[in-house]
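Please open the model in your viewer and keep the selection tool ready. The stops below are meant to be taken in order, one selection at a time.

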Amino acid sequence: MHGDRKAFSPQSFNRKSVLIDKNPAIVFRLNIFSAGKQAGILVLFNASGIISRNRIILFMSVTERFLKYVRYDTQSDPASETFPSTPGQLSFARVLATEMKELGLQEVRIDEYGYLSAYLPSNADREAPAIGFIAHLDTSPDLSGKNVNAQLIREYTGNNIVLDKKDDIVLTLEDSPELSNYVGQDLIVTDGHTLLGADDKAGIAEILTAVEYLQDHPEIKHGKVCICFTPDEEIGRGTDHFDVRGFGARFAYTLDGGEIGGLEYENFNAAQVELVFKGRNTHPGYAKNKMVNSIAIANDFLNSLPKKEIPELTSGYDGFFHVVSIKGNVEETIMKILIRDFDRERFEWRKSTVENGVRDFSKKYGLNIELEITDQYYNMRERIEPVRFIVDIARQAMEEVKVKPRISPIRGGTDGANLSYMGLPTPNLFTGGHNSHSRYEYIPVPSMERAVDVIVKIIELCVKI
Ligand SMILES: [Zn+2]
């Protein structure tokens with residue numbers, strides 16, 4: 001075929017002078033193309049003319065990487081008791097490990113729990129902090145991630161996007177009005193039957209593409225860059241076995257955010273409340289002054305909490321009480337309430353409101369109410385504030401690559417919150433994805449490309465700390 005005859009013809013031959021390990025060197029980059037794939041041979045000569053290092057890099061764009069990764073089914077499973085929860089995550093980690101070795105990363109390792117880690121050694125001639133980048137291997141249990149059939153929409157025109165004509169599955173502007181921000185851009189969408197997995201395979205693709213860029217540009221000086229891809233984030237176990245000491249970074253960033261420009265370093269303080277109301281049952285015909293109906297008391301208790309402080313009436317920095325389940329009969333009613341607040345004092349106030357309520361109700365009805373309050377996670381802001389410069393660096397990096405930073409609080413939790421409390425301050429950066437955990441998930445290609453730029457720029461800026 002005509003295309004084959006052209007295979008591996010040199011397309012360009014670049015030469016530039018750089019400093020390798022503080023010594024002047026010359027790097028030649030030979031770009032070759034085969035069947036639309038770009039590969040490069042990077043050859044480095046030191047001053048005495050001896051080849052000091054050579055390496056073959058398979059250049060892949062962030063889009064190519066992403067489209068390759070979404071084909072691996074890595075859905076996590078909350079019912080599983082293994083680490084990682086599903087074997088697909090491990091298979092995917094092995095594929096990535098091979099790729100990371102090819103990229104020249106050091107100590108590429110998958111540990112017994114399925115955490116994949118590696119690092120890019122420093123090439124700087126001065127002391128620079130080791131920084132980390134983290135993304136997760138798994139996809140949400142909410143929707144299948146098997147046989148993902150991603151579609152690339154070239155130059156989006158601004159109309160509704162038909163994902164599956166036969167089944168009439170449409171990504172609409174009505175439901176996703178922010179689509180109109182991406183007119184003229186290339187978008188990646190699903191076929192309407194699975195999630196896409198941009199959450200968080202886009203994060204992985206962006207981190208590794210940034211590494212490849214740095215390897216291809218040895219003139220960019222950087223400190224040690226630590227990388228970890230974690231299993232089971234979506235089922236809340238992403239940091240259970242994260243080895244902060246072994247990771248070796250002073251601070252890190254998760255690539256697990258949404259829309260372009262996203263930069264997050266605040267999240268809820270969270271607690272879970274379980275209440276058991278003990279009633280007394282009698283024959284209803286002869287119940288006067290005898291029966292104590294635990295359902296009715298639980299209902300009264302719920303009504304005693306601030307009525308406007310619930311998820312459906314709050315946003316921004318508001319906190320809430322959120323009743324998630326009531327199960328019961330006359331004898332016994334079990335109620336579960338989630339408490340969320342950004343402010344630590346308000347968070348404590350919410351917990352004591354429940355405690356005081358329990359005391360008052362016990363007295364009023366002369367009955368036993370069991371109460372258990374469990375703290376789930378805390379606002380990472382407390383741990384980020386003392387190292388505020390890590391947020392400033394991310395913001396500056398975005399501005400330098402012409403991305404408008406969008407700083408907002410996460411109305412939920414994030415792995416970075418746990419990591420921050422484990423001693424690794426970790427704000428969250430955008431991946432560019434939208435509508436995660438759903439069949440309407442999509443990601444604009446330029447948003448992924450800007451995420452790569454932001455990572456490279458952060459790494460560059462950190463040498464100057
Ligand atoms: Zn995620």
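The tour begins with the whole chain and then moves to single sites and helices.

**Before selecting anything.** This is a predicted model, in which local features need pLDDT of at least 70 and side-chain atom pairs count only at pLDDT 80 or more, while totals for chains, interfaces and linings use all residues. Residues are numbered from 1 along each chain as its sequence is written.

**The whole protein.** Colour the chain by secondary structure, and you should find 11 helices and 21 strands; here helices (H or I, at least four residues) and strands (E, at least two) are DSSP runs, numbered from the N terminus. Of the 465 residues in the protein, 41% are buried, where a residue is buried if 20 or more other C-beta atoms lie within 10 Å of its own, exposed if 12 or fewer, and partly exposed in between, with C-beta atoms placed from the backbone. Two residues are in contact if their C-beta atoms, placed from the backbone, lie within 7 Å, and among contacts with a separation of 6 or more, 72% are between residues 24 or more positions apart.

**The annotated site.** Select His-136, Asp-199 and Asp-256, which the UniProt annotation "binding site", from an unreviewed entry, covers. These residues are spread over 121 residues of sequence, yet they cluster in space, with a largest C-alpha distance of 8.1 Å. UniProt positions are given in the numbering used here, feature names are shortened, and annotations may be inferred rather than shown by experiment.

Now centre on His-136, which lies in strand β7 (residues 131–136) and counts as buried because it has 25 C-beta neighbours inside 10 Å. Leaving aside neighbours within four places in sequence, the contacts of His-136 include Phe-229, Glu-233 and Asp-256. Move next to Asp-199, which belongs to helix α4 (residues 198–216) and is buried, with 27 other C-beta atoms within 10 Å. Not counting residues up to four places away in sequence, Asp-199 touches residues including Thr-139, Ser-140 and His-437.

**Helix α3.** Select residues 87–102, the 16 residues of helix α3, and turn the view until you look down the axis. Which residues of α3 are buried? They are Gly-88, Gln-89, Phe-92, Ala-93, Leu-96, Glu-99 and Met-100, and they line one face of α3 because they fall within an arc of 130 degrees when seen down its axis; the arc is that of the directions from the helix axis to the C-beta atoms. On the other side of α3, Arg-94, Thr-98 and Lys-101 are exposed. To see what covers the buried residues, display elements including β5 (106–110), β6 (116–120), α4 and β12 (225–230).

**Helix α6.** Select residues 294–304, where the buried residues of helix α6 are Ser-294, Ile-297, Ala-298 and Phe-301. They cover an arc of only 100 degrees around the axis, which puts them on the same side of α6. The buried residues of α6 pack against β15 (269–278), β16 (320–328), β17 (332–341) and α7 (344–365).

**A loop residue.** Finish at Pro-386, in the loop between α8 (381–384) and α9 (389–400). Is Pro-386 buried or exposed? Pro-386 counts as exposed because it has 8 C-beta neighbours inside 10 Å. Add Pro-425 to the selection: the C-alpha atoms of Pro-386 and Pro-425 are separated by 9.5 Å, although the two residues are 39 residues apart along the chain.

Notes
Expected span 1.5 Å × (residues − 1).
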